[in-house]
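Trainee: Could you take me through one part of this model closely, starting from a single residue and working outwards? I'd like to have the cut-offs as we go.

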Amino acid sequence: MLEAKLNEAAILKRLMDAVKELVSDANFECNEEGINLQAMDNSHVALVSVKLDASGFRKYRCDRPIPLGVNLVSLTKVIKCAKDDDLCTLKASDDGDILSLTYEARNSDRIAEYEVKLMDIESDTLGIPDTDYEARVTMPSSEFTRIVRDLSQLGESVRIEVSKEGVRFVSDGEAANGSILLKQTEAARDRYADYGQDDDKDEEDDVEMKDEGEGDDDDEEKPKKIKKEKIKKEKVKKEEREDEDEEEEGKDDDDEGEFKAKSDDEGEEEVSDSETKKKRKKAPTMKGKAKKKAKKSEEDDLPPGGVSIEMTQHVTLTFSLKYLVNFSKSAALSDTVQLMLKNDVPLLVSYSFGQGHIRYYLAPKIGDD
């Protein structure tokens with residue numbers, strides 16, 4: 001029995017739009033860890049691998065491994081019937097031949113149910129070997145989309161060169177040629193270095209700041225309190241010495257003196273012990289939050305876009321632009337794309353998103369083939 005509930009149907013829509021033109025029929029392999037899809041195109045030049053983690057679903061149950069063979073064109077038509085923000089539930093029995101999809105509106109006033117017939121598709125799971133790539137390029141997915149789309153107007157192939165100068169995309173057509181060079185920026189390196197990392201360290205720093213801050217506040221409160229008591233006693237003695245005619249004037253003078261004393265104490269007011277404790281606890285906490293906010297502000301101040309390049313060796317490979325344009329449709333899933341390259345090894349184009357990832361492998365062109 002499979003039951004998987006997504007918070008938004010938009011994720012499935014974007015996945016199907018990215019995969020349907022590359023592969024027509026495919027098996028969704030479902031197990032307790034999540035849903036996986038792996039398939040090659042008919043020419044065996046490109047391979048697509050999709051992973052949806054079980055933790056990314058609102059509700060997920062899979063009693064035993066189940067292969068769901070579907071026609072992606074038919075499935076895409078059914079998924080397009082859902083609104084982007086609909087709750088989407090996938091259900092399939094162990095030995096059934098139907099995949100049911102239920103779309104539920106956020107306000108629960110509309111529930112739509114569809115069924116897709118399953119197919120028996122014979123396919124072997126391909127073992128993708130671990131590769132030590134010689135170059136990794138991380139860049140905005142929108143920039144990659146624009147580059148491959150523009151160069152596809154000039155020719156059928158693109159030559160990707162990664163060097164110390166940067167990453168260059170070159171297309172030589174019959175009537176025109178094009179070359180685009182993207183240089184690495186320090187801001188992009190900093191941005192992509194912390195991409196997807198947790199802020200656990202910052203939270204630990206905040207706790208330390210609270211402990212240190214509380215100790216400092218206690219030390220500062222003691223002299224201020226003593227000073228205030230001293231001022232109060234002097235005020236009482238002075239009022240006792242003065243007669244009633246001069247009492248009002250003396251009171252004004254004392255108020256003025258008290259104001260000056262408070263100014264020296266940075267505007268501290270006479271408060272009760274409970275209020276003082278609350279104040280001491282609140283102030284250090286704001287310090288920790290301020291530090292976190294400052295760090296986030298620094299990241300936001302980084303200029304958008306940019307390219308990060310990690311390279312151990314100069315790489316030059318040529319690929320079909322038709323496939324790269326197809327891959328770039330996954331930009332709707334992620335703002336960032338990673339290109340992994342190694343001489344004489346298929347290119348890896350990876351898009352990571354909250355639910356999982358989609359990866360494409362494309363064989364390089366050799367000679368005029």
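**A lysine and the core around its helix**

Mentor: Happy to! Lys 13 has its place in helix α1 (helices are DSSP runs of H or I, at least four residues, numbered from the N terminus). The model is predicted, with local features needing pLDDT of at least 70 and side-chain atom pairs pLDDT 80 or more, while totals for chains, interfaces and linings use all residues. Residues are numbered from 1 along each chain as its sequence is written, and side-chain values use heavy atoms, without hydrogens and water.

Lys 13 counts as buried because its relative accessibility is 17% (buried is under 20%, with a 1.4 Å probe and protein chains only). Leaving aside residues up to four places away in sequence, Lys 13 touches Ile 79, Lys 80, Ala 82, Lys 83 and Asp 84 (heavy atoms within 4.5 Å). A polar atom of the Lys 13 side chain lies 2.5 Å from the backbone oxygen of Ala 82.

Now outwards. The largest nonpolar core has 77 residues, and Phe 144 and Leu 324 are among those with the most contacts inside it (such a core joins buried Ala, Val, Leu, Ile, Met, Phe, Trp, Tyr and Cys through side-chain atoms within 4.5 Å). Helix α1, residues 10-19, gives this core its largest share, six residues. The core lies between domain 1 (2-117) and domain 2 (135-198 + 303-362), because both give residues to it; the bounds come from an automatic or database assignment.

Leu 324 touches Phe 144 and Val 148, among others beyond four places in sequence. Both Phe 144 and Val 148 are buried residues of helix α3 (141-151). The buried residues of α3 fall within an arc of 165° seen down its axis, so they line one face (directions run from the axis to the C-beta atoms).

Technical notes: Buried < 20%, exposed > 50% of the residue type's maximum accessible area, 1.4 Å probe, protein only. Helix = DSSP H or I, 4+ residues; strand = E, 2+ residues; numbered from the N terminus. Polar contact = N/O pair within 3.5 Å; in protein donor to acceptor, adjacent residues only side chain to side chain.
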